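Here are a few exercises to work through at your own pace. Try each one yourself before you read the solution.

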Amino acid sequence: MAKLHIQFLKSCPGRTGLPTDGLPEVAFIGRSNVGKSSLINKLNSGKKVARTSSRPGCTQYINIYTTNKNFYIADLPGYGFAKAPERLRRQWIGWIGGYLRERQPLRGTVLLVDSRHPCLENDLSMAGFLREGGKPYIVALTKSDKLKRNKLAQAIRIAGEMGPVIPVSSVDGSGINELCKWLATATATLSAGS
Ligand SMILES: Nc1nc2c(ncn2[C@@H]2O[C@H](COP(=O)(O)OP(=O)(O)O)[C@@H](O)[C@H]2O)c(=O)[nH]1
Ligand SMILES: [Mg+2]
């Protein structure tokens, strides 16, 4: 499976700026620092498109990327930043929760979870939220290169509680083809009623 050609389109400060042409969309979500930007870069066949930042929790925008497969990638702001004030956290939940529930073109979500911490509380709640939403989602278990084989197997088993799992690594490229296939399938599915 060929990689994607991904291009940055725009940063949206709210849901109003999101694309309106109805092309399918896939959301990427996870805790800050989980490896989301690195994964988007790894999925791309060209140069880096997503900025990898060392300042967790700073991106309060939905970054939209186009792909050559006629779907958008929506890079959602990371969650779980310990220092964020309660007000910001509630705002995040309202905004992103609303996006995940109501965004019409959304066909599926990639929930990124660090393979070294496979069942943290807010990842579990996010998985529960996605399950209730009823749209397809996949747990991408990131940084799989950091674990020995038996530890990774254990992490995959534990993360299985959250949903179907694909272990991925932006360093050695494992799981990238599988994730590309999942994205293709999710975005090819006709939406209800069409
Ligand atoms: N070993 C390893 N490190 C990774 C991997 N993915 C990301 N990282 C590192 O984890 C940190 C956070 O990555 P980033 O992509 O910026 O995370 P984001 O905040 O979720 O966008 C960076 O220092 C990356 O180099 C991976 O697959 N393997
Ligand atoms: Mg990032």
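A polar contact is a pair of N or O atoms within 3.5 Å. The model is predicted, so to speak "on paper": local features need pLDDT of at least 70, side-chain atom pairs count only at pLDDT 80 or more, and totals for chains, interfaces and linings use all residues. Residues are numbered from 1 along each chain as written, chains are lettered from A and ligands numbered from 1 in the order written, and side-chain values use heavy atoms, leaving out hydrogens and water.

**Exercise 1.** Find polar partners for oxygen atoms of ligand 1.

*Solution.* Start with side chains: an N or O atom of Ser 37 sits 2.9 Å from a ligand oxygen. Next, Lys 143 also offers a side-chain N or O atom, 2.9 Å from an oxygen of ligand 1. Then check the backbone: Gly 35 has an N or O atom there at 2.9 Å from a ligand oxygen. Finally, the cover: alone, ligand 1 has 580 Å² of accessible area (Shrake-Rupley method, 1.4 Å probe), and the protein covers 75% of it.

**Exercise 2.** Describe the shell around ligand 1.

*Solution.* First, list neighbours (a heavy atom within 4 Å): there are 15, and Asn 33, Lys 36, Ser 38, Asp 145 and Ser 170 come nearest. Then sort the shell: 2 are nonpolar, 9 polar and 4 charged. Here Asp, Glu, Lys and Arg count as charged, and Gly as polar.

**Exercise 3.** How many helices and strands does the chain have?

*Solution.* Count DSSP runs (helices H or I, at least four residues; strands E, at least two): you get 5 helices and 7 strands. Reading from the N terminus, the order is β-β-α-β-β-α-β-α-β-α-β-α.

Technical notes: Polar contact = N/O pair within 3.5 Å; in protein donor to acceptor, adjacent residues only side chain to side chain.
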